[in-house]
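Colleague: I'm new to this one. Could you walk me through how to read it, feature by feature?

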Amino acid sequence: MLRCRPILRRLRPGRRVDFRGRQSGTFGDCAGPAPVPSVIRVIDIQNLSKRYGDTVAVDGLSFTVRPGRVTGFLGPNGAGKSTTMRMALGLDHPTGGRVLIDGRFYRELSCPLRRVGAMLEARDVHPGRSAYGHLLWLARSNRIPAARVREVLELVGLEKAARRRVRGFSLGMTQRLGIAAALLGDPPVLLLDEPVNGLDPEGVRWIRNLMRGLAAEGRTVFVSSHLMGEMALTADHLVVIGRGRLLADTSTREFVEANSRSHVRIRTPEPERMRRALAAAGVRVRQAADGTLEAHGTEAARVGELAAAGGLTVHEIGTETASLEEAFMRLTGESAEHRAAAPDTGDGTDRRAARPRSGERRAGRR
Amino acid sequence: MDAVMDAVSVRAALAAEWVKIRTLRSTAVALLLGVVLSAGLAYLLGLSFSANLSSMAREQTEPADLLFATFYSLTLGQLPLVVFAVLAVGGEYASGTIHASLTAMPRRGAFYGGKMLAVALTVLGVAVVTVPAVFFAAQAGLGRYGMSPDADGVPQALIGSCLYLTLICVFAAGVTAMLRGPALSLGILLPVFFLGSQGLGNVPQVKAVAQYLPDQAGMVIMHLTGPPGDPHFGRPYGPWAGMGILALWAAAALIGGYLTLRRRDA
């Protein structure tokens, strides 16, 4: 009971584990009391605070990260994402509150790499050590068989570079090594801090598919990013913070629906008559600074029908969707630590950020 | 229960730290340099002493201190070993590996214990090779003035040298853990404790304090602080008391390093 035995079965990519998180020998034989099923694979952040002198990095943060889905942890740079993750891993001491994983403090886990895989800063590797050497000491520290080192090196595509010193690695290779280290203990819970930073599109897609695959296996995947667009493609659930405070804790779909406000833009030589025709049909209309009309809460087809019925000349009807990035900026805008002074466009929307076509984000989602 | 679990994780930590040590090229370079420098210098010093002794033999009123001649090379040969100890601990901070270490080994006491044990055992292993090499190299240099390993004071100096090297490296490792980085640690340790104290320990005005510096206290057993009983070089403590003083320094540095690691954010 006191020592963790060797990993008996190891997960291969694509292999499914019990979605409920039952610990059938693979992970359950590390020391310590067994957690009750309701908290297995759950990261529970409770009223967490961190203060550095006068600066408040994390301010009374509470949320729960659940298994079986990718949870995106979003916020602008300096919002407190990394600090929160470091406190979850016991690297930084919270000023207040606590983080529980499987209902326990991280430091109470006796073979933590086999419960929680983490990648904070991928560059946190001694440049003079080989990829194999780095993973080997990690394995030894948690009684993970050395054969597993080979497996994860293959999994991330670094088997050829295994004996090379990390000094000569590209950013992408370093990132892959970080992922390999996180997967080393075959952990049911993963914490990844900005894993796609600095990766090329191919690498970004690789990590995205990997994370979705891990979540589909029933694991808890908690991944931070400051890129809304990337998270909309990857995450099933979003936790948004700004200035260390919780701003949103919602499913990605709800967030997208609530925040991609679309409207129909109408270019017509008869704006007054058009406006009246739409208003009569109960459509909310406003005139933009350039003279075009914006119809809210309706669809292009209906606008076209109303125009035809009224015999109105229309030059252009199109649907415009505010981008998720814009929604994210709006949400975190008030809390952004350093906000660039932006000139007010006058009509209340930043036209440059508006997208001419809807559905683009969603189309790329699957 | 906690203690048992900590003992188990110290063993895992020791295994991990040993892998860390042996997978860095700088380890081999520093340790090899330590052995070669100590033994090579010991031979040259032996030659030089032997030459002096034969030319001064007639005027010599006191017997020459052959222990001093034998072990003097360790004052320089210890430096690569100290650098190894500093890098083993400080490299964690310089490279950021400390984050990975504490994530893999969140019980900071277990991680720290494993790390310090790995450093101490490695240095002890190297010392057990270096010290006899130094002794026999020096005797080869001394030629007909050479001592046998069971001559008066030699066994105690041989054992003392191994202990000295181990303790001084543990001291350096502890100081590095307190300072959380290699650059500042080397910047303080090398000039103050190793180069400076050689002179400071014999300057009458500061000797009262400087003779208690870790290397000064530990070197008495090798006669490196001057002939025992000499009014100018003598120490108010014996060789084993000196080793005890060094051990206290090492223990204090260990505790200080642990408290720093426990308290600070990584």
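**Reading the sheet**

Modeller: Let's start with a single pair: A:Gly117 has A:Leu190 in S6(A) as its bridge partner. Keep in mind that this is a predicted model.

Colleague: What holds such strands side by side, in general?

Modeller: Strands of a sheet pair through backbone hydrogen bonds, and the pairing can be parallel or antiparallel. Here, S5(A) and strand S6 (residues 189-193) of chain A run parallel, joined by four bridges.

Colleague: In what order do the strands of the open sheet in chain A lie?

Modeller: Read across, the order is S5-S6-S7-S3-S8-S9, six strands with mixed pairing. At the edges stand S5 (116-119) and S9 (245-251) of chain A; each has a single partner strand, so one side of each has no neighbour in the sheet. From one strand to the next, the twist averages 15°.

Colleague: Which helix lies across S5 and S6 of chain A?

Modeller: That's helix H4 (residues 171-183) of chain A, and the helix runs at about 165° to S5(A).

Colleague: Now the two chains. How many residues does each give to the contact?

Modeller: Chain A puts in 35 residues and chain B 33 residues. Together they bury about 2,800 Å², with 60% of that on carbon and sulfur atoms. For charged pairs, the count across this interface is one salt bridge. A:Lys50 pairs with B:Asp265 in a salt bridge, and their closest N and O atoms are 2.7 Å apart.

Colleague: How many disulfides are there over all chains?

Modeller: The count is zero. Take B:Cys162, which is in no disulfide: the nearest cysteine sulfur belongs to B:Cys169 and is 12 Å away.

Colleague: Why is there no bond for B:Cys169?

Modeller: Because 12 Å from its sulfur to the closest cysteine sulfur, in B:Cys162, is too far; the cut-off is 2.5 Å. As for exposure, B:Cys162 is buried at a relative accessible area of 15%, and B:Cys169 is buried too, at 1%.

Colleague: And backbone angles, what should I look for?

Modeller: Most residues other than glycine have a negative phi. B:Arg180 has a positive phi, near 55°, and is not a glycine. B:Arg180 sits in the loop between helix H7 (154-179) and helix H8 (182-200) of chain B, and is partly exposed at 22% relative accessibility.

Colleague: Where is B:His223 found?

Modeller: Look in the loop between helix H10 (214-218) and helix H11 (239-263) of chain B. B:His223 also has a positive phi, about 60°, without being a glycine.

Methods:
Residues numbered from 1 in each chain as written. Chains lettered and ligands numbered in written order. Predicted model: local features only at pLDDT ≥ 70, side-chain atom pairs only at ≥ 80, totals over all residues. Heavy atoms only, no water. Buried < 20%, exposed > 50% of the residue type's maximum accessible area, 1.4 Å probe, protein only. Pairing = 2+ DSSP bridges. Helix = DSSP H or I, 4+ residues; strand = E, 2+ residues; numbered from the N terminus. Axes fitted to C-alpha atoms, helices over the stretch in contact; angles between N-to-C directions. Contact = heavy atoms within 4.5 Å. Buried area = accessible area lost by both parts, 1.4 Å probe. Salt bridge = Lys/Arg side-chain N within 4 Å of Asp/Glu carboxyl O.
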